[in-house]
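Colleague: Could you take me through one part of this model slowly? I'd like a close look at the surroundings of the ligand, and then a word on what lies elsewhere.

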Amino acid sequence: MSTAQTQREHVATILHALENPGGIEHAVIERSWRRCIDRYGLDPTAPSPPRYVPDRTLREHQDQADALIQVARAGVEQLYRQITSLDYVVLLTDARGIAVQFLGSNSAQREHQRTGLYLGADWSEEHAGTCAVGTCIQEQVPLTCHHSDHFSAHHIQLTCTAAPVFDPDGQLLAVLDISAYRSPESKASQTFALQVVKHYARMIEDAFFLQRYSGYHIVCLDRSREFVQINRRYLIAIEEDGTLVAANTAGRKLLRHHELPLPGPGEARPFRAWNIQDLIDAEIGDVLDTQHYGDDRVRAFRTHRHHELHFATLIEPQRRRAPTGETRRQDSSLAPLETLADDDPAMRDTLTRAARLRNEPINILVIGETGTGKERIARALHDSSRRHDKPFVAINCAAMPESLIESELFGYEPGSFTGASSKGMKGLIAQADGGTLFLDEIGDMPLQLQTRLLRVLAEEEVLPIGASRPLKVDLRVVAATHRDLRGLIESGDFREDLFYRLNGASLRLPPLRERADKGYLIRRLFKELQTERGESQSRLRGDTMSALLAYPWPGNIRELHNALRYALATHEGNEVVVGDLPEECISGHLAHPAAQPRSSLDRLAVGYPALARGEDPLHDALRKHHWNISAVARELGLSRPTIYRRMKRLGIVPPHQQDAP
Ligand SMILES: Nc1ncnc2c1ncn2[C@@H]1O[C@H](COP(=O)(O)OP(=O)(O)OP(=O)(O)O)[C@@H](O)[C@H]1O
């Protein structure tokens, strides 16, 4: 049959199909033909030379698709190697149908350009009529557009197969296409091509997903244990507490099937709508521990809704923030700061500021609740600064008896007061010369000493008690407080001028209950304690980790530290189980995970049900220890002042004081 005759027949087929809807085999093709006539006003017989966008426009399209092109490169090249002997070309187009990547044989370049199977070609349906790329964009499904499926009579020699690539929000990102000029007449000959293209489109999509969510834990699920490592069918990115962040296309389908839909393109994202524990019957600790589970690092879980058995592996997060240029250059000196946190946004901001400030000649005020790591960050600042080989001297202004503070801080000359040593004493300030002076609980420093400290800071010299001549000192002062210094200034308990001297810059530490990297801290502290004890055998079981993650940590990192130390000291065998934790950490852990409340306040109360009732477990501990504050402080891993403060805040009055007027 001549080409002209074939083309005439093609037009007749289209017209017949449109007059007799439902007559042709593929509804997708029929819908596209109808669009070509009704919407785009195309004529199947009109010459349709390929349309190329100008080079500059092509570069703009390539720039916009750059992230995807980089990720897709390996997949596109691999696909091309598989099909090159069959004379196919590979095109990757953006979501508007512009070919931004092309692989085909050099020898047939002219032929490629003539038919539009080349870089920069516009394969949108609006322009090219029914074709694999354009129709795939419209219908968002994989398809083959074989010979006379094409709308334009000038394309009916081609066979083209395309599959959509979606971004993690379900939005079309790109189309992967393979096309050839010569192929068998039967469309069935392209069945295999369709499977191959779908497979590679999915690989590209998943590679893009893994890159975009590399800062999160990625749970990989599959119905087959043997294939879960290789196939990773369902990918679900989660926060450390199990909150669902995103899923790949298959994962979104799985979630929908279990009535946990993620928002579609353009839909508002309900904040923290679902948790992985809503999907599978598992402790979050068990999910996060999958990497260390068994020989094959695969764990089995059942879904809540349909009781389907799924096998899981876990990809652990890489660091979410790329280091700054400075951080990269000075990596090793910054290690003491870097290791204090993982990917908690507030901590990362604090650490970035600390890194910038570490060698600046200004004093720093660290603000945070008790036990949040104020001394630890002060030491890390010192260790990462140029002063690291000079002394770090820490003073707790609240713990030192008032009568001793002055002599301890400033030192004294021999025999300068009754009871003084005959040799005199070098004060702590002078001992810190060249290094860092850390003043903890600065809000508790008596007013009279504040005045003397101010003089030291202003004049950079210290006058020991009984001395006639001051000593020059070179100090970096880091002060810390959990108190509201501005409030103390207003009440006249803290000198405003000293506040400004100390507060050259401030660093704020979030409480442990608000940190997004609790899991990292738990693992890190656990390792540190193991090293301290000279053992490395034991591991934290998943449900123990869950209990630790759920507990609201009123005593912050210090309490966590004590809880882990206690558990390591009392556990038996090689596993630390929930029962090894101090009682208060497990009191709320018996609730079924799926029944756990979701609001942040409720979440805080999960490990601490008494809090949810407006009570405090402190009551129980006080009663148990007959109101012996030291014993309660020991049991809860808190300091005595913290216990007193907490009692005051909660209005707890010991029985022997209750009748007082
Ligand atoms: N980022 C961290 N990584 C590991 N351990 C930490 C971290 N921060 C603090 N800790 C540990 O937590 C405990 C309390 O830390 P630190 O003494 O620095 O807190 P603080 O805020 O100065 O306490 P306080 O308010 O009572 O003076 C210590 O055992 C410390 O080693």
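Modeller: Sure! Let's begin with the kinds of residue around the ligand: the shell is made up of five nonpolar, eight polar and six charged residues. Keep in mind that this is a predicted model. Of the 19 residues around the ligand, the ones that come nearest are Gly 373, Lys 374, Glu 375, Arg 376 and Ile 557. Now look at the helices: α16 (374-383), α22 (518-533) and α24 (556-570) each give the shell at least two residues. Where does the ligand's shell lie with respect to domain 3 and domain 4? Residues from both domain 3 (325-508) and domain 4 (513-615) take part in the shell, so it lies between them.

Stay with helix α22 for a second, and find Arg 523 in it. Arg 523 has 15 other C-beta atoms within 10 Å, and buried would take 20 or more while exposed would take 12 or fewer, so Arg 523 counts as partly exposed. Arg 523 is 41 residues from Leu 564 in sequence, yet in space the two are 10.0 Å apart, C-alpha to C-alpha.

Now for the nonpolar cores. The largest one has 95 residues, and Ala 162, Leu 176, Ile 218, Val 219 and Ile 236 have the most contacts inside it. Helix α8 (residues 191-212) is its biggest contributor, with seven residues. Take Leu 176 as an example: leaving out residues up to four places away in sequence, Leu 176 touches Leu 92, Ala 162, Ala 163, Val 165, Val 197, Tyr 200, Ala 201 and Ile 204. Another core, of 44 residues, lies apart from that one, and its members include Leu 351, Ile 429, Ala 432 and Leu 475.

Terms used:
Residues numbered from 1 in each chain as written. Predicted model: local features only at pLDDT ≥ 70, side-chain atom pairs only at ≥ 80, totals over all residues. Near = placed C-beta within 6 Å. Helix = DSSP H or I, 4+ residues; strand = E, 2+ residues; numbered from the N terminus. Nonpolar A, V, L, I, M, F, W, Y, C, P; charged D, E, K, R; others polar. Domains from an automatic or database assignment. Core = buried A, V, L, I, M, F, W, Y, C linked by C-beta atoms within 7 Å. Contact = placed C-beta atoms within 7 Å.
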